[in-house]
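Biologist: I would like to learn how to read a strand-built model, one feature at a time. Could we start with the overall layout and then go down to single residues?

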Amino acid sequence: MTEGTNLSIPEQNPVLTEVKKYHLFPNPAKGEFTVEYSILQEKRPQFLQIRDLNGKLIKEIQLDDSGQRIIQTHEFLPGIYFLSIRTSKTIEWQEKLIIIK
């Protein structure tokens with residue numbers, strides 16, 4: 001290194017390096033499916049929304065701190081649905097779900 005050269009590595013900001021953790025399984029689903037999630041304190045409340053292909057809201061569930069929600073499929077017709085996790089301001093995650101009987 002040359003004398004007088006000053007190298008610095010910026011510190012990582014944990015807010016900027018946040019990794020969002022969402023997982024949907026099984027997909028396709030028969031009987032039930034599970035959504036795993038993590039919620040940051042400043043991103044509360046969060047809601048899981050399930051919409052049909054036309055965008056009609058079929059079900060909305062407020063998520064708690066458990067980090068997991070199991071949903072029975074008996075109340076849904078077979079088909080394709082879109083799941084999203086939303087705050088009051090943003091969509092945090094979206095995924096397509098196929099329900100079979």
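Modeller: What follows goes from the elements to their pairing, and then to the core. Keep in mind that this is a predicted model.

Biologist: How many helices and strands are there in the protein chain?

Modeller: Start with the element count. The chain has zero helices and seven strands, so its order from the N terminus reads β-β-β-β-β-β-β.

Biologist: Which strands does E2 pair with?

Modeller: Look for bridges and for the sense in which the strands run. E2 (residues 32-37) is antiparallel to E1 (residues 22-30), with five bridges between them. E2 also pairs with E5 (residues 68-72), again through five bridges and in the antiparallel sense. Glu 32 shows both pairings: Lys 30 is its bridge partner, and Gln 72 in E5 stands opposite.

Biologist: What lies between the strands in the hairpin of E1 and E2?

Modeller: For a hairpin, check the connecting residues and their backbone angles. Here one residue separates the strands, and Gly 31 has a positive phi near 95 degrees.

Biologist: Which residues touch the most other members of the largest nonpolar core?

Modeller: Read a core by its members and then by the elements that supply them. This one holds 19 residues, and those touching the most other members are Phe 33, Val 35, Leu 48, Leu 83, Ile 85 and Trp 93. Two or more residues come from each of E1, E2, E3 (47-51), E6 (79-86) and E7 (91-99). Leu 83 has contacts beyond four places in sequence that include Leu 24, Phe 33, Val 35, Leu 48 and Trp 93.

Biologist: Is Trp 93 buried or exposed?

Modeller: Compare the relative accessibility with the 20% cut-off. Trp 93, in strand E7, is at 11% and therefore counts as buried. Beyond four places in sequence, its contacts are Tyr 22, Leu 24, Val 35, Leu 48, Leu 83, Ser 84 and Ile 85. Sequence distance and spatial distance are separate readings: Trp 93 and Tyr 37 are 56 residues apart in sequence, with their C-alpha atoms 9.6 Å apart.

Biologist: What does Thr 34 touch?

Modeller: Thr 34 belongs to E2 and is buried because its relative accessible area is 7%. Leaving out residues up to four places away, Thr 34 touches His 23, Leu 24, Phe 25, Gln 68, Arg 69 and Ile 70.

Biologist: What share of the 101 residues is buried?

Modeller: Finish with the totals for the chain. Buried residues account for 28% of the 101. Of the contacts between residues at least 6 apart in sequence, 53% join residues at least 24 apart.

Definitions and conventions:
Residues numbered from 1 in each chain as written. Predicted model: local features only at pLDDT ≥ 70, side-chain atom pairs only at ≥ 80, totals over all residues. Heavy atoms only, no water. Pairing = 2+ DSSP bridges. Helix = DSSP H or I, 4+ residues; strand = E, 2+ residues; numbered from the N terminus. Core = buried A, V, L, I, M, F, W, Y, C linked by side-chain atoms within 4.5 Å. Buried < 20%, exposed > 50% of the residue type's maximum accessible area, 1.4 Å probe, protein only. Contact = heavy atoms within 4.5 Å.
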